[in-house]
Amino acid sequence: MTDRLKPHVCKIKGAKNYGLYDMLHGKFYQIEPTGTIKDLRRMLKELDLIFETAGFVPKKLYSPSTNEWFNTILVRVLQIRLNGNGENNCWDRKAIGKIKPDMNEETLERVKEEFEHIPIKKIKVVAMADNKNLIENILKQFNYFEIEIIAGEKFVEQNLEYYKSICDKKKRLFTASRKPEEIVQLRLDIDSYFYSENFNPCWGHQIAIDTKGEIKPCLWSNIIIGNLKENNIKNLITIGKFDDYWSIRKDNLQICKECEYRYVCNDCRVSSVNEGNGLYGKPTFCKYNPLIGEDENG
């Protein structure tokens with residue numbers, strides 16, 4: 001008889017520790033390489049993560065939805081900036097410089113035309129200054145599954161029920177961010193796990209459109225892939241212009257590739273670049289050091 005991890009348990013090797021992800025229950029366990037094999041076996045049996053087998057090993061779980069992202073034109077997140085203050089990134093939105101002018105109706109119409117036949121899972125609208133008409137236009141006209149509005153606290157509270165009523169009629173999910181987001185560092189679900197094995201958990205299958213129609217991997221990035229006036233989004237996807245940014249896996253990143261949390265952790269390429277760590281550096285919000293297995297702040 002041999003001990004085997006159960007089919008719904010995935011092992012992630014780090015520089016010092018192992019991570020065991022229980023996909024059935026959405027739990028993550030950090031396993032330190034201390035003690036005896038007997039102690040480890042006892043702990044894993046108590047957690048119900050292993051079973052005894054005489055040779056037959058069931059296939060591991062996989063995420064069918066992850067396969068959809070390969071060789072298919074799908075967009076996980078479409079970011080649209082209606083206006084704003086040039087914030088550092090989506091989770092550290094400080095006013096920097098002058099408010100950018102509103103995206104004009106012509107550019108917004110171009111966005112709609114470009115994505116009319118491209119499936120979108122979520123639209124994230126950034127409007128740091130009030131523009132009810134443009135937001136309402138997006139809510140009513142765009143074919144989306146979920147829409148999130150990032151705007152001023154007072155503005156969101158005044159219009160929240162109205163926006164929700166529009167989404168309810170279209171049977172869409174609506175969320176609103178009144179304040180800068182807090183990074184949810186661990187994403188304990190099956191789809192996120194398998195997606196992160198193959199793509200970047202933040203930039204993967206994300207397309208951002210700025211107020212001027214500039215096409216980027218993220219609204220807060222200085223990388224410009226094209227412009228709506230000159231480029232066709234579907235063509236850019238087909239010829240692989242987004243691939244280098246979508247496929248920045250945690251296995252490609254400095255420090256992160258040594259971490260046992262890498263497939264269940266979030267990311268922010270912009271914060272790494274802004275802090276001088278480059279496109280492949282560790283995200284700023286993370287203080288965990290996998291080389292020592294401890295938080296750098298103690």
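**Exercise 1. Classify the exposure of Met43 in this predicted model and place the residue in its surroundings.**

*Solution.*
Step 1. The relative accessible area of Met43 is 32%. Buried residues fall under 20% and exposed ones over 50%, so a value in between is called partly exposed. Met43 is therefore partly exposed.

Step 2. The residue belongs to helix α1, which covers residues 37-46.

Step 3. Together with Ile37 and Leu40, Met43 makes a nonpolar surface patch of about 270 Å². Membership of a patch requires over 30% relative accessible area, and the 32% of Met43 meets that requirement.

**Exercise 2. Describe the second largest pocket: how much space lies in it, and which elements give two or more residues to its lining?**

*Solution.*
Step 1. The second largest pocket holds about 390 Å³ of space.

Step 2. Its lining comprises 19 residues, and those closest to the centre are Ile31, Glu32, Leu40, Met43 and Leu44.

Step 3. Two or more lining residues come from each of β1 (2-5), β3 (18-22), β4 (27-31) and α1. Helix α1 gives the most, with five residues.

Step 4. By character, the lining divides into ten nonpolar, four polar and five charged residues.

Step 5. Met43 thus has two roles in the description: the residue is part of the nonpolar surface patch and is among the residues closest to the centre of the second largest pocket.

**Exercise 3. Analyse the salt bridge of Lys6: which residue is its partner, and is Lys6 buried or exposed?**

*Solution.*
Step 1. The structure holds nine salt bridges. In one of them, Lys6 pairs with Asp48, and the closest N and O atoms are 2.6 Å apart.

Step 2. The pair links distant parts of the chain, 42 residues apart: Lys6 is in the loop between β1 and β2 (9-13), and Asp48 is in the loop between α1 and β5 (50-53).

Step 3. Lys6 has 17% relative accessibility and therefore counts as buried. Asp48, with a relative accessible area of 40%, is partly exposed.

**Exercise 4. Determine where Arg81 and Asp210, the two partners of a salt bridge, lie, and state which network includes them.**

*Solution.*
Step 1. The side chains of Arg81 and Asp210 meet in a salt bridge of 3.6 Å, N to O. The cut-off for such a contact is 4 Å.

Step 2. Arg81 lies in strand β6 (residues 75-83) and Asp210 in the loop between β10 and β11 (214-216); the pair links distant parts of the chain, 129 residues apart.

Step 3. Arg81 counts as buried at 1% relative accessibility, and Asp210 likewise at 4%.

Step 4. A further salt bridge joins the side chains of Arg269 and Asp267, at 2.8 Å from N to O. Arg269 is buried, with a relative accessible area of 0%, and Asp267 is buried at 2%.

Step 5. Salt bridges with shared partners join Arg81, Asp210 and Lys216 into one network.

**Exercise 5. Compare the settings of His205 and Ile255: what is the sign of phi in these residues, and is each one buried or partly exposed?**

*Solution.*
Step 1. Most residues other than glycine have a negative phi.

Step 2. His205 has a positive phi, near 50°. Ile255 also has a positive phi, of about 70°, although it is not a glycine.

Step 3. His205 is found in the loop between α6 (190-198) and β10 (206-209). Ile255 is found in the loop between α8 (243-246) and α9 (269-274).

Step 4. His205 is buried, with a relative accessible area of 1%, whereas Ile255 is partly exposed, at 31%.

**Exercise 6. Give the separation in sequence and in space for the pairs Tyr195 with Arg249 and Ala127 with Gly84.**

*Solution.*
Step 1. Tyr195 and Arg249 are 54 residues apart along the chain, and their C-alpha atoms are separated by 9.5 Å. Tyr195 is in helix α6 and is buried, with a relative accessible area of 5%.

Step 2. Ala127 and Gly84 are 43 residues apart in sequence and 5.9 Å apart in space, C-alpha to C-alpha. Ala127 lies in strand β7 (residues 120-127) and is buried, with a relative accessible area of 0%.

Definitions and conventions. Residues numbered from 1 in each chain as written. Predicted model: local features only at pLDDT ≥ 70, side-chain atom pairs only at ≥ 80, totals over all residues. Heavy atoms only, no water. Patch = residues over 30% accessible without salt bridge, like charges linked within 9 Å, V, L, I, M, F, W, Y side chains within 5 Å. Areas by Shrake-Rupley, 256 points an atom, 1.4 Å probe, with all protein chains shown as cover. Helix = DSSP H or I, 4+ residues; strand = E, 2+ residues; numbered from the N terminus. Buried < 20%, exposed > 50% of the residue type's maximum accessible area, 1.4 Å probe, protein only. 1 Å grid on protein atoms, 1.4 Å probe; cavity = no way out; pocket = protein on both sides within 12 Å on 5 of 7 lines; lining within 4 Å. Points joined across faces, edges and corners; volume = space filled by probe spheres on them. Nonpolar A, V, L, I, M, F, W, Y, C, P; charged D, E, K, R; others polar.
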